[in-house]
Structure formats: C-alpha cells, structure tokens
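Visitor: I am new to this structure. Please pick a single part and take me through it closely, then show me how it sits in the rest.

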Amino acid sequence: MTTFPFEIKAREGAARTGVLKTSRGDIRTPAFMPVGTAGTVKAMYMDQVEQAGADIILGNTYHLMLRPGAERVKRLGGLHEFSGWSGPMLTDSGGFQVWSLSQLRKMDKDGVTFRSHIDGSEHRLTPARSIEIQADLLGADISMQLDECTDFPCSHEEALRSLELSLDWGQKSLDAFGARDSQTLFGIIQGSNFEDLRERSAKGVVSQDFGGIALGGLAVGEGHDQMCRTIDMTMPHLPDDKPRYVMGVGKPIDLVESVARGIDMFDCVLPTRAGRHGQAWTWEGPINLKNAKFAEDTSPIEEGVDCPASRDYTRAYLHHLIKSGEYLGSMILSWHNTAFFQALMAEIRLAISENRFEALRAELSRRWETTKSAPKPDESP
C-alpha cells in the first residue's frame with residue numbers, strides 16, 4: 001500500500017496541522033475539500049476553487065459511473081483532465097449512495113446492485129469495481145474503500161452487521177487496489193454511535209493498513225453533539241502517523257470541534273448548496289440574503305475574506321439577485337462560501353502553529369453556538 005508522506009508540523013492539544021504530500025501537490029491540513037460531485041464544484045469555475053485556497057477536491061463515483069460513464073471519462077483523459085482540475089483529487093466509493101438510495105438498490109455480501117436514479121438502468125458496484133472506477137478510470141489520487149453506512153439511529157445488531165460487511169469490503173478493496181506508485185486508498189470506520197463497535201471497527205481498519213483512515217456514518221442526522229461523542233470514542237484507536245478524515249462534515253462549528261479532536265480532512269456540499277439557497281457564511285455566522293433587511297445593505301458579504309465574491313459585491317445586490325432568481329446570485333454566494341470555508345481552515349492552521357487554537361475555538365463556539373442544531377442529511381442522490 002502506497003502511503004503519502006504526512007508531516008505534522010505543529011500541535012495544540014489533539015489539534016494538529018501539517019502537510020499530506022501527493023504527486024499532484026501538497027495538501028495543507030486540516031483541509032476542507034469542496035465537493036465536485038459530477039466533475040464540477042457546483043456553480044464555480046475550477047480556477048475560482050483553486051484561488052479560494054482549496055488544495056484538493058472530491059469527486060463522486062456513483063454519479064460519474066452513471067453520467068457520463070467512468071469508461072468515457074478515462075477515454076477523455078481521466079477526471080483531472082476532463083474537469084480541468086490539476087491538483088489532488090479524492091473520490092468517494094459510492095458507499096454513501098448505498099445508504100441514501102436504499103429504495104433503488106439491492107445489497108448482498110459481494111456488493112450492491114443499483115437502479116439508476118436517472119433512467120432506471122441497472123448497475124453493479126462491488127469493492128473491486130469501485131476501485132477500478134476510482135483509481136483506474138477516474139484516476140483519483142485518493143480512493144475510498146466501498147463501505148455501507150447505516151441509518152441513524154440503528155440497532156446494535158444492525159451496526160455490527162454493517163461494520164463487519166464494511167471490513168470485508170475494505171480488504172477486498174485493498175486486494176483490488178494492489179501496489180501503486182502515486183495513488184493511495186483510505187479505509188472507513190463504521191459502528192454508528194456504539195462505543196464498542198466504533199472500537200472494533202477502528203481496530204479492524206487500522207490492522208488492514210490503509211494509506212489513511214476515515215470516520216464514516218456521520219452527517220446522517222445525528223447532530224453536532226453526537227458527532228463529537230462518536231469522534232471522541234473513535235480517536236483513541238487511531239494511529240498518529242496517518243491522515244484522519246471525517247466524511248460529509250460539515251458546518252463551520254463541526255469543523256472546528258473535529259479539528260480539536262485530531263481530525264485532518266473534511267468534505268461537505270454545504271458551501272455551494274447554501275449558496276444556491278441564498279445563504280452566506282460569515283465570521284459572525286450564516287446570513288440569509290433573501291431577508292428584506294439586506295435590501296439596502298451596501299456592505300460586502302464579508303470583509304474578512306480575501307475573495308472577489310466576498311468583498312466586491314454588496315449584500316443589497318446579492319439580495320436582489322437571489323430574489324430575482326438570477327443565476328449570478330448562486331454563483332457569487334457559492335464562490336464566497338467556498339472561500340470562507342478555506343479561510344476558516346487557513347485560520348485554524350495558523351492558530352495551531354501559533355498555539356492559539358483553543359482561544360480561536362472558544363471565540364468561534366461563542367459566535368456559532370446557535371448553528372449546532374442537528375444537520376439535515378444530504379437528500380440528493
């Protein structure tokens with residue numbers, strides 16, 4: 001198994017900042033990965049994503065295998081060339097859709113059979129096929145093992161069955177991945193909110209010796225406090241020398257609290273999804289530009305973010321665009337939110353290196369206390 005060099009440069013408590021080195025560039029950690037589900041970060045140009053400060057983006061195996069088709073992407077040069085993104089790229093395995101599209105799939109011990117949400121055509125996804133799509137056809141720098149995510153809440157029995165299946169699929173994913181020079185594979189811990197099962201899953205995944213370790217089964221409706229408890233019960237069983245990735249998380253307060261517990265990588269659709277619905281994230285919390293109070297507000301979205309979208313357009317103009325249904329409103333807000341999330345990660349990295357992360361954490365927790373309510377699970381296919 002190829003393991004990318006991972007250098008931890010500074011620590012404060014459990015929080016750490018460092019660099020994960022890939023053949024396509026360095027990933028500064030803690031890192032937030034914008035989600036490029038179908039080969040695009042929605043409503044953004046790739047150069048905007050890069051200029052916003054992102055070192056790595058995420059692509060989606062399920063969506064790309066359906067449209068335009070993974071083999072077609074390969075013929076067109078791989079996902080990097082096809083999409084115009086030259087930096088590192090991580091792809092999810094399709095495992096999230098095993099959970100979110102339960103009405104469209106049949107699962108067995110060897111894999112999952114999907115009915116496409118687009119045209120109803122049948123597709124088969126196994127650990128080996130998932131690796132073929134991610135690593136061989138799309139050309140991901142970081143691939144994820146195929147796993148199964150349980151509902152929240154679920155029974156202890158169901159969580160145990162799921163984690164054992166995921167461990168088996170993890171080994172099959174490793175076997176299919178083999179030895180590679182410039183790509184790596186991450187394993188995924190399951191176990192719902194049960195401490196004994198999180199320990200069992202973590203120890204199993206660690207023993208399989210992946211290039212990095214992800215915490216799955218979060219951002220499925222469990223809420224901020226339960227998310228933190230689940231991370232707390234898992235971290236003691238993880239090695240120090242490999243990157244740790246919480247999948248699908250999340251809100252800015254979720255990122256801060258996860259970093260405080262030793263997490264290095266994140267992804268979430270929130271920045272662009274919020275932008276498409278008129279919401280902008282700021283250092284004081286989220287604001288809804290649909291609100292009438294912004295109709296004559298000539299201040300920028302957020303002066304404290306060095307991005308044209310954040311500083312060059314007034315809240316009044318954004319209010320007008322959103323209320324008018326103009327595409328430009330969604331584009332500007334998606335750009336701003338992506339830049340804000342990257343600015344947050346940059347500030348976190350700097351704070352850890354200057355030994356003031358706990359002070360930053362306390363201040364942001366005070367500002368964002370009201371955003372800790374339970375998140376709504378991603379309902380998109």
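Guide: In helix α7, the buried residues are Ala 159, Ser 162, Leu 163, Leu 165, Ser 166, Leu 167, Trp 169, Gly 170, Ser 173, Leu 174 and Phe 177. Keep in mind that this is a predicted model.

Look at the spacing of such positions along a helix. An α-helix has 3.6 residues a turn, so residues three or four places apart point the same way.

Now the helix itself. α7 covers residues 156-177, which makes 22 residues. At 1.5 Å a residue, these should span 32 Å; the end C-alpha atoms lie 31 Å apart, so the two figures agree. Just after α7 comes Gly 178, with a positive phi near 65°.

What covers the buried residues of α7? The cover includes strands β7 (105-108), β8 (111-115), β10 and β11, along with helices α6 and α8 (195-208). Take these neighbours in turn.

Start with β7 and β8. They belong to an open sheet of 3 strands, ordered β7-β8-β9, and the pairing is antiparallel. Its edge strands are β7 and β9 (122-125), each pairing on one side only. Neighbouring strands here are turned by 15° against each other on average, direction ignored. α7 packs on this sheet and touches β7 and β8. The direction of α7 makes about 75° with that of β7. Between β7 and β8 there are 4 bridges, in the antiparallel sense. Within this pairing, Lys 106 stands opposite Thr 113 in β8.

Next, β10 and β11. Both are strands of a closed barrel of 8 strands, which runs β4-β5-β6-β10-β11-β12-β13-β14 with parallel pairing. In the barrel, neighbouring strands are turned by 30° against each other on average, direction ignored. β10 (residues 142-144) and β11 (residues 184-189) pair in the parallel sense over 3 bridges. Ile 142 stands opposite Thr 184 in β11. Helix α6 (residues 127-138) packs on this sheet too, touching β6 (89-92), β10 and β11. The direction of α6 makes about 165° with that of β10. Elsewhere on the barrel, helix α14 (residues 327-353) lies across β4 (31-36) and β14 (265-268). α14 runs at about 160° to β4.

That leaves α8. Ser 201 sits in this helix. Its relative accessibility is 1%, so Ser 201 counts as buried, the limit being under 20%. Leaving aside neighbours within four places in sequence, Ser 201 is in contact with Leu 163, Leu 167, Ile 188, Ile 189 and Gln 190. Leu 163 and Leu 167 take us back to α7, where both are buried.

Finally, step back to the chain. It holds 15 helices and 16 strands. Its radius of gyration is 20 Å, close to the 21 Å that the globule rule gives for 381 residues, so the chain is as compact as a globular protein of that length. Along its principal axes, the C-alpha trace spans about 60 × 45 × 40 Å. Buried residues make up 59% of the 381 in the chain. Among contacts with a separation of 6 or more, 68% join residues 24 or more positions apart. The accessible surface comes to about 15100 Å², and 48% of that belongs to carbon and sulfur atoms.

Terms used:
Residues are numbered from 1 along each chain as its sequence is written. This is a predicted model: local features need pLDDT of at least 70, side-chain atom pairs count only at pLDDT 80 or more; totals for chains, interfaces and linings use all residues. Side-chain values use heavy atoms; hydrogens and water are left out. Two strands pair if DSSP finds at least two bridges between them. Helices (H or I, at least four residues) and strands (E, at least two) are DSSP runs, numbered from the N terminus. Axes are lines fitted to C-alpha atoms, for helices over the stretch in contact, and angles run from 0 to 180 degrees between N-to-C directions. Contact means heavy atoms within 4.5 Å. The expected span of a helix is 1.5 Å times one less than its number of residues. Buried means under 20% relative accessible area, exposed over 50%, partly exposed in between (1.4 Å probe, protein chains only). The radius of gyration is taken over C-alpha atoms; the globule rule is 2.2 Å times the number of residues to the power 0.38. Accessible areas come from the Shrake-Rupley method with a 1.4 Å probe; for residues, only the protein chains shown count as cover.
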